Amino acid sequence: MADAEIPKIQEQLFDARRSAREKYAALVIGQPGWEALLRYELVMLLSQGVPGALGLAMRRFLYPLLLGASGDNVVFGQHVTLRHPHKIRIANNVVVDDNCLLDAKGEANAGITIGSGVFVGRNTILSCKNGSIEIGNGTNIGFNCEVFSAGHVAIGANTLIAAYCYVIGGDHDFSDSSRSVLDQERTARGVSIGDGAWLGAGAKILDGVCIGAHAVIGAGAVVRENVPDHAIAVGVPARIVGTRA
């Protein structure tokens with residue numbers, strides 16, 4: 001993917017050409033007009049922070065009113081935050097645990113697609129910056145993870161991602177040493193993780209990497225090059241030390 005035009009959050013928050021409502025709608029709701037704003041605010045006000053079984057029941061009924069698609073038996077924990085929810089599609093039998101952020105922000109992106117039987121652990125962030133995220137059926141994402149996409153991130157079916165992992169589908173150009181990195185373009189080549197892969201706790205998958213099907217990435221590894229199917233990779237930077245085949 002070519003360099004991506006992604007405005008800094010400060011530029012969006014302090015854009016004098018827009019009203020406060022317009023800026024809030026652009027950052028959080030992703031749709032213009034009062035109807036989308038009021039629907040979002042009412043759903044969040046009535047259900048986002050409600051504890052216990054009552055809260056689970058209310059979110060199960062109300063959150064799908066905001067989503068692009070929602071299947072049967074989708075469970076949302078307490079304080080789950082949705083941004084640009086009309087670009088979030090969730091299949092059947094999915095659990096999104098407490099304090100997660102599903103952020104499908106972008107002007108022309110596909111957003112977030114979550115397959116059937118997926119578990120997203122508490123405090124996990126799925127964050128699009130004009131990118132897209134696809135999570136295959138049966139995948140388990142542990143606590144305190146982040147999946148970031150400025151291009152396209154695809155996670156295959158039945159993948160196990162342990163706690164504190166980072167999947168980083170984007171990067172910054174830093175070739176001009178006379179300018180700050182913030183003032184240079186963002187790049188995005190994307191990340192692909194194959195079916196049945198296992199990422200150990202604290203692993204970091206950098207932009208442009210393809211993890212093969214049924215590969216194993218060791219805890220704390222930093223992966224900056226492709227890992228073939230069934231390979232075992234460990235270390236910083238990660239190196240292949242064996243195979244499961």
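**A walk from the surface to the core**

Start by selecting Leu42, Leu45 and Leu46: together they make a nonpolar surface patch of about 330 Å². Keep in mind as you click around that this is a predicted model.

Now zoom in on Leu45, which sits in helix H3, residues 34-47. Is Leu45 buried or exposed? Leu45 counts as exposed because its relative accessible area is 69%, and the cut-off for exposed is over 50%.

Next stop: helix H4, residues 52-62. Colour Gly55, Arg59 and Leu62, which are buried. These three lie on the same side of H4, because they cover an arc of only 75° around the axis. Then spin the view to the face of H4 turned away from that buried side, and you'll find the exposed residues Ala53, Leu54 and Phe61.

So what covers the buried residues of H4? Show H3 along with strand E2 (75-76): both are among the elements that do the covering.

Time to go inside. Nonpolar side chains in soluble globular proteins tend to be buried together. Here, the largest nonpolar core has 54 residues. Which residues have the most contacts inside that core? Select Ile211 and Ile217, and you have them. H3 turns up again here, giving this core its largest share, five residues.

For the last stop, stay on Ile217 and show what it touches, skipping neighbours within four places in sequence. You should light up Trp198, Leu199, Gly200, Ala203, Ile205, Ile211, Val223, Val227 and Ala233. Ile211, the other residue you just picked in the core, is in that contact list too.

Notes: Residues numbered from 1 in each chain as written. Predicted model: local features only at pLDDT ≥ 70, side-chain atom pairs only at ≥ 80, totals over all residues. Heavy atoms only, no water. Patch = residues over 30% accessible without salt bridge, like charges linked within 9 Å, V, L, I, M, F, W, Y side chains within 5 Å. Areas by Shrake-Rupley, 256 points an atom, 1.4 Å probe, with all protein chains shown as cover. Salt bridge = Lys/Arg side-chain N within 4 Å of Asp/Glu carboxyl O. Helix = DSSP H or I, 4+ residues; strand = E, 2+ residues; numbered from the N terminus. Buried < 20%, exposed > 50% of the residue type's maximum accessible area, 1.4 Å probe, protein only. Arc of directions from axis to C-beta. Contact = heavy atoms within 4.5 Å. Core = buried A, V, L, I, M, F, W, Y, C linked by side-chain atoms within 4.5 Å.
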